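User: I would like to go through this model step by step. Please keep the answers short.

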Amino acid sequence: MSTMTVLQAVTAALEEEMARDDDVVLLGEDIGINGGVFRATDGLAKRFGDDRVIDTPLAESGIVGTAVGMALYGLRPVPEIQFSDFIFPAFDQIVSEMAKMRYRSGGEFACPMVIRTPYGGGIRGGHYHSQSPEAYFAHTPGLVVVVPATPEDTKGLLKSCIRGDDPVIFLEPKRIYRTVKGEVPDDPEFLVPVGKARTARGGDDVTVVAWGAMVHTCLEAAQLAEKQGIEVEVIDVRTILPLDEEALLSSARKTGKVVVAMEATRTCGVASEVSAIIAEKAIDSLQAPIVRITGYDTPFPYTLEHVYMPSAHRVMAGIKKVVEFDF
Amino acid sequence: MTEQLLSVLGADGAVKRKNRPSLTDEDLLLLHRIMVRTRALDERAMLLQRQGRIGFYVPSFGEEAAYVGSALALDGNDWISQSYRQPGVALLRGITAETMLDNCFGNADDIAKGRQMPVHYSFRKANMLSISSPIGTQIVHATGIAQAMKIRGDGGVCLTYFGDGGTSANDFHTGLNFAGAWKSPCIFACINNQWAISCPLERQTGSKTIAEKSAAYGMPGVLVDGNDVLAVYEATRKAVARARDGDGPTLLEFLSFRMGPHSSSDDPSRYRPGELEAEWKKKDPIKRFEAFLTKESLLDKEQIEAIHAEAEAEMSEAAKVSEKKPAPTIDSLFDDVYADMPPHLADQREELRGEGSDHRQDADAAFPL
Ligand SMILES: Cc1ncc(C[n+]2csc(CCOP(=O)(O)OP(=O)(O)O)c2C)c(N)n1
Ligand SMILES: [Mg+2]
């Protein structure tokens, strides 16, 4: 075991997979000599060379599009998009090409590749360094969408994704890159399975569903609730597409009260999908309407970021709402 | 034109060519003053950032001649579609330092209502578009604006600024291609500071110059010494005249150097040698122009020092004023998403109004933006 940050877990996963498999290559802006603007690829160009840690020209469609080509030829590219807010020039390559390749070729071609990208708010980044775009990708068949919340999961999930055969959008919660530390197994074969949720905290009274940095906000909220005698179960979904329905439903059936919390804007967000699944399949167990605690339906602001971002207190208000609900 | 560097001013400020631009003494002094004020603004803002009083800043050290010289070649009615690194253009167009710092502080007087990060200005009254972070998006807007001017027949032109990194963006290709096909009255002004964060020019493109890319779009390209404010002015003046005459777009490459970090979050010592910075420091465009102004007896050493001191005092005063202003109101979060607020946003505003202040998060700073 080693203690590391989320960011160090990213680097460790990349380094181990590159050492294991020569076909794993990284490409992106400023990832070579600069080590990435967050330093996620620090030292990797030195160890593996410019051919496998490729500094690209400034074009996300080029980064993803050439990575698709590399994947089609048999490499395992791991492109980095500097901020998920800058992924949109590559949207066509992701949605029209990468995601549909296997299906449209009758299984002849595939794009085993992992697009890593920091996402989310809380760093005073304004509109274009703060957004949570997971819903755009979760709406695209053929993609796998993964969001880790701990160093252990970051390493284990990223390694599984690199070894997997489907294209992945791997969203890294940059707010907790350096603030969340934890124990991570050193075993290079340590993997965390894609598609499985995790119970971040057990409890019988209320289920709170979250992913990424919000998991930690929800754990804080759970402590606030505990002081009022409410036992909260926090489910960290870890994989947004495909969702671990069984984990969501069994917790919802146990507690009968569900809050879904996310940073992203509310309308048509992943919280809506989680709510719909629970409402469709576990309505008979619910004792209160499902509550969503989310970002507001505005662009992500700069000065008012602290108002916009769901806080532990806002999640707590949602918890109270489901607890106090009276039919 | 695309391989030979156009320059007028020698390193010592001597005018190389007989055909020195026909600028009045007032204009020459204006160019100087704006460049000095911009430098002072950048220095003040970087200091504010280091002191934790503003969250972020993007300085433009070394690039002042490229954007101030080119902007002076436009009329006030011409539009500008810029990136985040040409602060002096706004000063030239009469925007005050206080207004700009209001944006950096994200306060209630900020035109963009504190919604964007620092240096993402919007100055409609100066015909300057709202600045975006995503690289290159403004290039194609410029083509659209220029074409709209042509459709209306009002004789305007649009100039767009972007970096060497920006030439790799899809919108660079699209913007130039459309403008070439339409013969739009558009000026594409690439400020080639030779770096896109850590990416040097030779990794950005296989072309020898940016200017030569113009050939592929059927427009002239001109490689200009971007640290020579007179050459920049002259090249832009010609491109503007050409656009106004209905002869279509031009690609200008202003070859310069990013003397400072990419932004307040960047550490250039990780990726480029200090000697390179020292070498370019000798080519400082303000010093070079001052050598010229001195030679021409337009300013003496004392007057130059006074202009710098005045600019520094102006920026320090503006910062004091801006810093005292309150934050935007919480209600303002929901304004301007649409022309009229739809019911779901009105509901969300109500929801937020009902919450106590402990529902709000404390935000952190110091990230590599
Ligand atoms: C689409 C997009 N990708 C990545 C970024 C992150 N980024 C911000 S500035 C920058 C470099 C821009 O270089 P250049 O165009 O040369 O302009 P300069 O900063 O040198 O003025 C990068 C990669 C971004 N803002 N937008
Ligand atoms: Mg540049």
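**Ligand and metal sites**

Analyst: To start with one contact, a nitrogen atom of ligand 1 has a backbone N or O atom of Ser133(B) at 3.0 Å. The protein covers 95% of the 580 Å² of accessible area that ligand 1 has on its own. This is a predicted model.

User: What are the ipTM of the model and the mean pLDDT of chain B?

Analyst: The model scores pTM 0.96 alongside ipTM 0.95. In chain B, 96% of residues reach a pLDDT of 70 or more. The values asked for are ipTM 0.95 and a mean pLDDT of 95.

User: Between which chains does ligand 1 lie, and how many residues surround it?

Analyst: The closest residues include Glu60(A) as well as Tyr84(B) and Arg85(B). The shell divides into eight nonpolar, seven polar and four charged residues. Ligand 1 lies between chains A and B, and the number of surrounding residues is 19.

User: How far is an oxygen atom of ligand 1 from an N or O atom in the side chain of Tyr84(B)?

Analyst: Asp164(B) places a polar side-chain atom 2.9 Å from an oxygen atom of ligand 1. For the side chain of Tyr84(B), the distance from an N or O atom to a ligand 1 oxygen is 2.6 Å.

User: Which residues coordinate the magnesium ion (ligand 2)?

Analyst: The donors follow the spacing D-x28-N-x1-W along the chain. Asn193(B) and Trp195(B) are both buried. Coordination is at 2.1 Å, through OD of Asp164(B), OD1 of Asn193(B) and O of Trp195(B).

Methods:
Residues are numbered from 1 along each chain as its sequence is written. Chains are lettered from A and ligands numbered from 1 in the order in which they are written. This is a predicted model: local features need pLDDT of at least 70, side-chain atom pairs count only at pLDDT 80 or more; totals for chains, interfaces and linings use all residues. Side-chain values use heavy atoms; hydrogens and water are left out. pLDDT is the predictor's confidence in each residue, from 0 to 100. Donors are N, O and S atoms within 2.8 Å of the metal (3.2 Å for Na, K and Ca); water is not among the atoms, so sites may look incomplete. Buried means under 20% relative accessible area, exposed over 50%, partly exposed in between (1.4 Å probe, protein chains only). A residue is near a molecule or strand if one of its heavy atoms lies within 4 Å of it. A polar contact is a pair of N or O atoms within 3.5 Å; within protein, one must be able to donate a hydrogen and the other to accept it, and residues adjacent in sequence count only if both atoms are side-chain atoms. Accessible areas come from the Shrake-Rupley method with a 1.4 Å probe; for residues, only the protein chains shown count as cover. Ala, Val, Leu, Ile, Met, Phe, Trp, Tyr, Cys and Pro count as nonpolar, Asp, Glu, Lys and Arg as charged, and the others, Gly among them, as polar.
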